[in-house]
Amino acid sequence: MTVDDTRFVDDFARCAADGAPSLIGPTGPPDELFGVRLIGHSNGMAVADCTKPLGDPNPGWLMPMIDLLLARATLDPTRSHSCITLRIDLNVNPAALAAADTVRGIGRSGFSAGAVASSNCKIRCKAAEFGAAELVATGSGMFMFDVAELPHPSEAALARRHSSTLVELLGLDIEVTPGTTVMPTGVTTANPSGVVHGGAQVAALCAAVAEAARAHAATDMSIVHVSAEFMRPLSAFAEPLNICIRHRRRGRTIATYDAELVTPDREVGTRAHLTLARDTVLAP
């Protein structure tokens with residue numbers, strides 16, 4: 001194994017052995033919906049795993065776990081506080097993601113400056129044995145600390161729906177030609193605080209852009225980079241949200257899209273920039 005492989009294995013094992021204090025747990029039903037399992041959380045580190053359909057390279061499946069890992073890594077498990085996601089950036093290896101049905105990740109704290117903190121994460125395929133496995137994605141996030149106490153982890157509030165696509169899982173209504181998508185709200189996408197889970201938001205944006213790219217391109221394209229900025233909280237119990245997509249660039253091998261999650265009052269809650277690459281370029 002490489003030095004990076006060894007560090008991943010050792011850190012994962014150490015953090016898993018520490019367990020997850022009762023205060024620090026999944027951030028709401030979306031974690032359960034996406035099959036996310038928080039395994040451990042110690043000061044400056046968090047570890048988790050999740051499952052996804054085999055063969056799907058869309059990083060939207062990872063987003064609730066990534067949001068959880070990045071946020072938890074910034075928090076001190078001995079204190080009663082929480083944080084607000086400001087942005088998430090993710091780089092993806094679509095071929096490795098498509099080949100995995102279970103992945104595991106580590107979130108590590110970065111720096112903090114006043115009320116703002118950063119963290120980073122690595123996601124790998126779950127190996128048959130606790131050893132080296134292919135790197136699926138790397139990510140980073142920025143967060144703002146909140147003096148409010150972290151909501152207590154939810155109980156198993158819903159049964160996981162085994163869906164083959166993100167569109168089906170989230171109940172998205174996609175109109176490819178005008179580039180709009182409707183995202184239902186409700187308990188399945190809610191944090192304990194009553195706002196739409198940040199991971200579920202970005203998962204919906206990834207799903208909508210993937211469908212738009214499939215309609216625009218002559219060949220399949222996979223998302224290789226996602227940069228999402230959370231501009232305001234979105235109520236999980238208001239009217240459905242709209243996803244607006246703008247195609248910025250389409251070349252022979254690369255395409256870029258902007259996507260926004262918008263309220264019925266036309267307020268932008270979350271904005272993302274996504275880069276896609278043609279699958280034939282990514283194949284070994």
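Where do Arg7 and Asp11 both lie, and how many residues apart are they? Select the pair to find out: both sit in helix 1, 4 residues apart, about one turn of the helix. Helices (H or I, at least four residues) and strands (E, at least two) are DSSP runs, numbered from the N terminus.

Before going on, a word about the model. It is a predicted one, in which local features need pLDDT of at least 70 and side-chain atom pairs count only at pLDDT 80 or more, while totals for chains, interfaces and linings use all residues. Residues are numbered from 1 along each chain as its sequence is written, and side-chain values use heavy atoms, with hydrogens and water left out.

**Stop 1: helix 1 and its charged residues**

Stay with Arg7 and Asp11. They form a salt bridge (a side-chain nitrogen of Lys or Arg within 4 Å of a carboxyl oxygen of Asp or Glu), with the closest N and O atoms 3.4 Å apart. Arg7 is partly exposed at 46% relative accessible area, whereas Asp11 is buried at 7%. Here buried means under 20% relative accessible area, exposed over 50%, and partly exposed in between (1.4 Å probe, protein chains only).

Now add Asp4 and Lys122, another salt bridge, at 2.6 Å between the closest N and O atoms. Asp4 belongs to helix 1 and Lys122 to strand 5, 118 residues apart. Next, select Asp5 and Arg124, whose side chains meet in a salt bridge of 3.1 Å, N to O. Asp5 lies in helix 1 and Arg124 in strand 5, so this pair ties together parts 119 residues apart in sequence. Both partners are buried: Asp5 has 14% relative accessibility, and Arg124 has 6%. The structure holds 13 salt bridges.

**Stop 2: Arg108**

Select Arg108 in strand 4 (residues 102-113). Is Arg108 buried or exposed? At 8% relative accessibility, Arg108 counts as buried. Its side chain makes a polar contact of 2.9 Å with that of Asp11. A polar contact is a pair of N or O atoms within 3.5 Å; within protein, one must be able to donate a hydrogen and the other to accept it, and residues adjacent in sequence count only if both atoms are side-chain atoms.

**Stop 3: the sheet**

Show the strands. An open sheet of 12 strands, with antiparallel pairing, follows the order 1-2-4-5-6-3-9-12-11-10-8-7. Two strands pair if DSSP finds at least two bridges between them. Strand 1 (37-42) and strand 7 (173-175) stand at the edges with a single partner strand each, so one side of each has no neighbour in the sheet. Further along the order, strand 9 (residues 221-230) and strand 12 (residues 268-278) run antiparallel and are joined by 9 bridges. Pick out Ser227 there, which stands opposite His273 in strand 12.

**Stop 4: the nonpolar core**

Finish inside. A nonpolar core is a set of buried Ala, Val, Leu, Ile, Met, Phe, Trp, Tyr and Cys residues joined through side-chain atoms within 4.5 Å. The largest one has 68 residues, and those with the most contacts inside it are Phe34, Ile66, Ile123, Val136 and Leu274. Helix 6 (residues 198-216) supplies the largest share of this core, 11 residues. For the last selection, choose the second, separate core of 7 residues, which includes Phe12, Cys15, Ile39 and Ile106.
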